[in-house]
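Thank you for making time this morning. I would like to walk you through one structure, slowly, so please have a look at it before I begin.

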Amino acid sequence: LDVMTVKQGPHVVQHGLVSLQWGIVADVDIQSEHLRWLGGARFTVQALLNILRLKRYPGRLMWLPETSTCKPPKVDLNGSIHVEISDGPASGTGHLLDKSAASQTLCDVEGKEGWQVMDGVFVGVWGVNIRWAAEDMKPAPKAELDDGCIDLVVMRDSPRWKVLQMLLGVEDGSHIGKNVCEYHKARAFRLEPYPEGDCGKNSYLVIDGELIARGPNIEDGIPCKRIPFEYAPVDVTINQGRARVFCSDLVPGAVALQDD
């Protein structure tokens with residue numbers, strides 16, 4: 001199973017297995033905590049509320065596509081990022097960025113061959129490591145457990161009906177190909193949430209359902225000491241096949257998730 005490594009600055013590192021969320025998906029996840037008594041329906045209720053008061057968030061997304069010939073970044077156990085950058089399209093050679101751990105980030109590859117950049121207003125960005133995020137949620141239908149990629153589901157500035165269509169389609173993966181979002185397979189990406197948002201508000205950054213950062217103007221009662229990251233750029237790299245999952249046979253009555 002691939003493992004995501006999320007890094008901010010020289011020392012703040014966290015790992016994840018499922019996803020990194022920013023924008024409406026993260027907002028729904030965190031803001032629905034008070035609705036836990038509704039069970040799984042809490043996400044549907046909160047999603048409808050957030051669509052009605054839809055917010056857009058300025059930011060920047062940079063990623064290395066799966067099809068790129070550039071080698072993906074690697075992260076040491078101490079959090080140092082190592083990136084091999086091609087010297088040119090014809091040379092096929094590369095060199096290791098000579099950066100200290102304190103200054104080494106994926107912004108060093110900006111403008112380099114193979115990296116894509118998206119800058120502007122977003123409704124949300126969802127970086128997903130596995131196909132199913134829940135038994136009734138299939139955000140990344142093209143994801144594999146150990147393909148060395150993270151699947152980016154990107155919602156640009158969209159009208160409410162498109163956001164609703166996208167969130168409804170996540171249940172079975174039908175949101176892909178309906179022109180309601182963009183879908184990219186990436187071997188690494190950098191997300192830069194800009195501090196200013198609608199009405200001075202900001203979003204959250206969430207890994208595997210756990211809050212890791214929030215905008216500076218959000219007041220939700222969560223103590224700051226429980227939030228390890230700042231609302232600032234994060235670098236996400238993939239460690240292919242780093243985790244191994246052991247499980248027994250399905251218990252009687254259980255149903256395996258299968259694709260059509």
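Let me start with a single residue, R60, which is buried, with a relative accessible area of 17%, and please keep in mind from here on that we are looking at a predicted model. The cut-off for calling a residue buried is under 20% relative accessible area, so R60, at 17%, counts as buried. R60 has a partner, D119, and the two form a salt bridge in which the closest N and O atoms are 3.6 Å apart. This pair links distant parts of the chain, since D119 sits in strand β9, residues 116-128, while R60 sits in strand β4, residues 57-65, and the two residues are 59 apart. D119, for its part, is partly exposed, with a relative accessible area of 45%.

With that pair in mind, let me step back to the whole protein, which has 3 helices and 14 strands. Of its 260 residues, 46% count as buried. If we take the contacts between residues at least 6 apart in sequence, 70% of them join residues that are at least 24 apart. As for the surface, the protein exposes about 13,300 Å², and carbon and sulfur atoms supply 53% of that area.

Now I return to the salt bridges, of which a search of the whole structure finds 10. Which residues are linked in a network of salt bridges? They are D29, E33, R36 and R42, and I will go through two of the pairs. The side chains of E33 and R36 meet in a salt bridge with an N to O distance of 2.8 Å, and E33 also forms a salt bridge with R42, where the closest N and O atoms are 3.3 Å apart. The two arginines that E33 reaches differ in their surroundings, because R36 counts as exposed at 51% relative accessibility, whereas R42 counts as buried at 6%. E33 itself is partly exposed, with a relative accessible area of 33%.

The next topic is the largest pocket, which has a volume of about 720 Å³. It is lined by 25 residues, and the closest to its centre are F43, T44, M137, L167 and V170. Which elements each supply at least two residues of that lining? They are strand β3 (19-23) and the helices α1 (24-31), α2 (41-52) and α3 (160-169), and α2 gives the most, with 5 residues. By character, the lining residues divide into 16 nonpolar, 5 polar and 4 charged.

Finally, I would like to point out one detail of the backbone, at D208, where phi is near 50°, a positive value in a residue other than glycine. You will find D208 in the loop between β12 (204-207) and β13 (210-214). Is D208 buried, partly exposed or exposed? At 30% relative accessibility, D208 counts as partly exposed.

To close, let me return to where we began, with R60 and D119, whose salt bridge joins strand β4 to strand β9. Thank you for listening, and I am glad to go back to any part of the picture.

Methods:
Residues numbered from 1 in each chain as written. Predicted model: local features only at pLDDT ≥ 70, side-chain atom pairs only at ≥ 80, totals over all residues. Heavy atoms only, no water. 1 Å grid on protein atoms, 1.4 Å probe; cavity = no way out; pocket = protein on both sides within 12 Å on 5 of 7 lines; lining within 4 Å. Points joined across faces, edges and corners; volume = space filled by probe spheres on them. Helix = DSSP H or I, 4+ residues; strand = E, 2+ residues; numbered from the N terminus. Nonpolar A, V, L, I, M, F, W, Y, C, P; charged D, E, K, R; others polar. Salt bridge = Lys/Arg side-chain N within 4 Å of Asp/Glu carboxyl O. Buried < 20%, exposed > 50% of the residue type's maximum accessible area, 1.4 Å probe, protein only. Contact = heavy atoms within 4.5 Å. Areas by Shrake-Rupley, 256 points an atom, 1.4 Å probe, with all protein chains shown as cover.
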